[in-house]
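The following exercises ask you to reason from a sequence and its model towards the way helices are packed. Work through each task before reading its solution.

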Amino acid sequence: VRKNNELMISCISGKTTPGELLDNFYQREARALMKQSLDRMYKSVCGMGEKYPAVRVRKMKSRWGSCHVNKGVIVMNSELVKKPIACIDYVMLHELCHFIYPNHGNEFKCIMTQLMPDWQERRKILNDLK
């Protein structure tokens, strides 16, 4: 339950731990946020011939996102739910751009800059928040 920017968690003893409940809450919230971000960011690349990908959310230790071009899937870190929307959109666009350019070469950086001129600032904010 959310109230005044507080999250209250209650559980029945022996059923689910508070940590599991919190993880489940973040997963649900993250799925909704990532879908919204995909909808916003896909508009930037849809004219480039890329199909609308599926988005999945899971907890990752060392990445904010990844993509599986052949499967048409983007995987986003559930921990992004705790970050600013601008940073979530940066990660989503980053992964979408990998469908066009699979590596981080100059072409990739150029398209990122074209579609999101402040992407480097957003990346810095995200990485400073770790």
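**Exercise 1. Which exposed residues does the face of helix 3 turned away from its buried side carry, and which residues of helix 3 are buried?**

Step 1. The face of helix 3 turned away from its buried side carries Asn106, Glu107, Cys110 and Gln114 as exposed residues, where exposed means over 50% relative accessible area, buried under 20%, and partly exposed in between, with a 1.4 Å probe and protein chains only. This is a predicted model, in which local features need pLDDT of at least 70 and side-chain atom pairs count only at pLDDT 80 or more, while totals for chains, interfaces and linings use all residues. Residues are numbered from 1 along each chain as its sequence is written, and side-chain values use heavy atoms, with hydrogens and water left out.

Step 2. In helix 3, which comprises residues 106-115, the buried residues are Phe108, Ile111 and Met112; helices (H or I, at least four residues) and strands (E, at least two) are DSSP runs numbered from the N terminus. Seen down the axis of helix 3, these buried residues fall within an arc of 100°, so they line one face of the helix, the arc being that of the directions from the helix axis to the C-beta atoms.

Step 3. The buried residues of helix 3 pack against helix 2 (85-98) and helix 4 (119-128), contact meaning heavy atoms within 4.5 Å.

**Exercise 2. Describe how helix 2 and helix 3 pack, and state which residues meet.**

Step 1. Two packed helices are described by the angle between their axes and the distance between the axes. For helix 2 and helix 3 the angle is about 135° and the axes are 10 Å apart; axes are lines fitted to C-alpha atoms, for helices over the stretch in contact, and angles run from 0 to 180 degrees between N-to-C directions.

Step 2. That angle makes helix 2 oblique to helix 3, given that angles under 35 degrees count as roughly parallel, over 145 as roughly antiparallel, 65 to 115 as roughly perpendicular and the rest as oblique. Helix 2 passes helix 3 in a right-handed crossing, a crossing being left-handed if the near helix is turned anticlockwise from the far one by less than a right angle, and right-handed if clockwise.

Step 3. From helix 2, Tyr90, Leu93, His94, Cys97 and His98 meet Phe108, Ile111, Met112 and Leu115 of helix 3. By class, the residues of this contact divide into 7 nonpolar, 2 polar and no charged, where Ala, Val, Leu, Ile, Met, Phe, Trp, Tyr, Cys and Pro count as nonpolar, Asp, Glu, Lys and Arg as charged, and the others, Gly among them, as polar.

**Exercise 3. Work out which residues of helix 4 are buried, and how helix 4 crosses helix 2.**

Step 1. Trp119, Arg122 and Leu126 are the buried residues of helix 4. Seen down the axis of helix 4, they fall within an arc of 60°, so they line one face of the helix, whereas Glu121, Lys124 and Asp128 are exposed on the other side.

Step 2. Helix 2 and helix 3 are included in what covers the buried residues of helix 4.

Step 3. The axes of helix 2 and helix 4 come within 9 Å and cross at roughly 115°, which makes helix 2 roughly perpendicular to helix 4. This crossing of helix 2 and helix 4 is left-handed.

Step 4. The contact is made by Ala86, Cys87, Asp89, Tyr90 and Val91 of helix 2 together with Trp119, Arg122, Arg123, Ile125 and Leu126 of helix 4, and by class it has 7 nonpolar, no polar and 3 charged residues.

**Exercise 4. At what angle do helix 1 and helix 2 pack, and what does isoleucine 85 touch?**

Step 1. Helix 1 (residues 18-45) and helix 2 pack at about 55°, with their axes 9 Å apart, which makes helix 1 oblique to helix 2. Helix 1 passes helix 2 in a right-handed crossing, and by class their contact has 11 nonpolar, 2 polar and 2 charged residues.

Step 2. Isoleucine 85 lies in helix 2 and, at 39% relative accessibility, counts as partly exposed. Leaving aside residues up to four places away in sequence, isoleucine 85 touches Leu33 and Arg40.
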